[in-house]
Amino acid sequence: MRFCPRCKSMLIPAKKGNKQVLRCSRCGYEEEVTEQTRSGYVTRREIAEEKHTGVAISREAEHTITSEERELLEDYHKQLLENLYETERESEED
Ligand SMILES: [Zn+2]
């Protein structure tokens with residue numbers, strides 16, 4: 001997850017023409033999504049690493065957020081948990 005460098009709000013993925021951008025819903029800051037950005041975004045591998053360290057989720061939850069962002073965060077966490085369960089099942093088969 002990425003945050004606005006200006007106001008520290010959460011950046012929301014959005015479409016701009018045929019490009020994908022990350023947009024700040026608070027101040028309108030936009031960041032183009034490049035391959036580099038994409039790989040820096042949350043991936044399954046990153047989630048697995050977070051599970052090992054156990055710090056990333058609580059660190060992001062401490063960020064000051066609006067109710068709108070809280071809803072998004074809840075979705076994000078739900079998604080994270082689902083991915084964690086998947087990862088767990090996969091590693092148990094090992
Ligand atoms: Zn902003």
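With a relative accessibility of 15%, E31 counts as buried in this predicted model, because the term applies to residues under 20% relative accessible area. The side chain of this residue nevertheless has a charged partner, since E31 and R2 meet in a salt bridge in which N and O lie 2.7 Å apart. The two residues come from distant parts of the chain, E31 belonging to strand β3 (residues 30–32) and R2 to the segment before β1, with 29 residues separating them. R2 itself has a relative accessibility of 29% and therefore counts as partly exposed, so that this salt bridge joins a buried glutamate to a partly exposed arginine.

The strands that precede β3 can be followed next. Strand β1, covering residues 11–16, pairs with strand β2, covering residues 19–24, in the antiparallel sense and over six bridges. Within this pairing, P13 stands opposite L22 of β2. Together β1 and β2 make up a hairpin that leaves two residues between the strands, and in the turn G17 adopts a positive phi of about 60°.

From the hairpin, attention can return to the charged side chains. R23 and E30 form a salt bridge through their side chains, with a distance of 2.8 Å from N to O. Here both partners fall into one accessibility class: E30 is partly exposed, with a relative accessible area of 29%, and R23, at 29% relative accessibility, likewise counts as partly exposed.

A further salt bridge reaches a helix. R26 pairs with E69, and the closest N and O atoms of the two residues are 3.9 Å apart, a distance that still qualifies because the cut-off is set at within 4 Å. R26 is located in the loop between β2 and β3, whereas E69 is part of helix α4 (residues 67–92), so the contact ties together parts of the chain that are 43 residues apart in sequence. The surroundings of the two side chains can also be described: R26, with 46% relative accessibility, counts as partly exposed, while E69, at 3%, counts as buried.

Some of these contacts are connected to one another, for salt bridges that share partners join K16, R23 and E30 into one network. In total, the count for the model comes to five salt bridges, among them the pairs E31 with R2, E30 with R23 and R26 with E69.

Terms used: Residues numbered from 1 in each chain as written. Predicted model: local features only at pLDDT ≥ 70, side-chain atom pairs only at ≥ 80, totals over all residues. Heavy atoms only, no water. Pairing = 2+ DSSP bridges. Helix = DSSP H or I, 4+ residues; strand = E, 2+ residues; numbered from the N terminus. Buried < 20%, exposed > 50% of the residue type's maximum accessible area, 1.4 Å probe, protein only.
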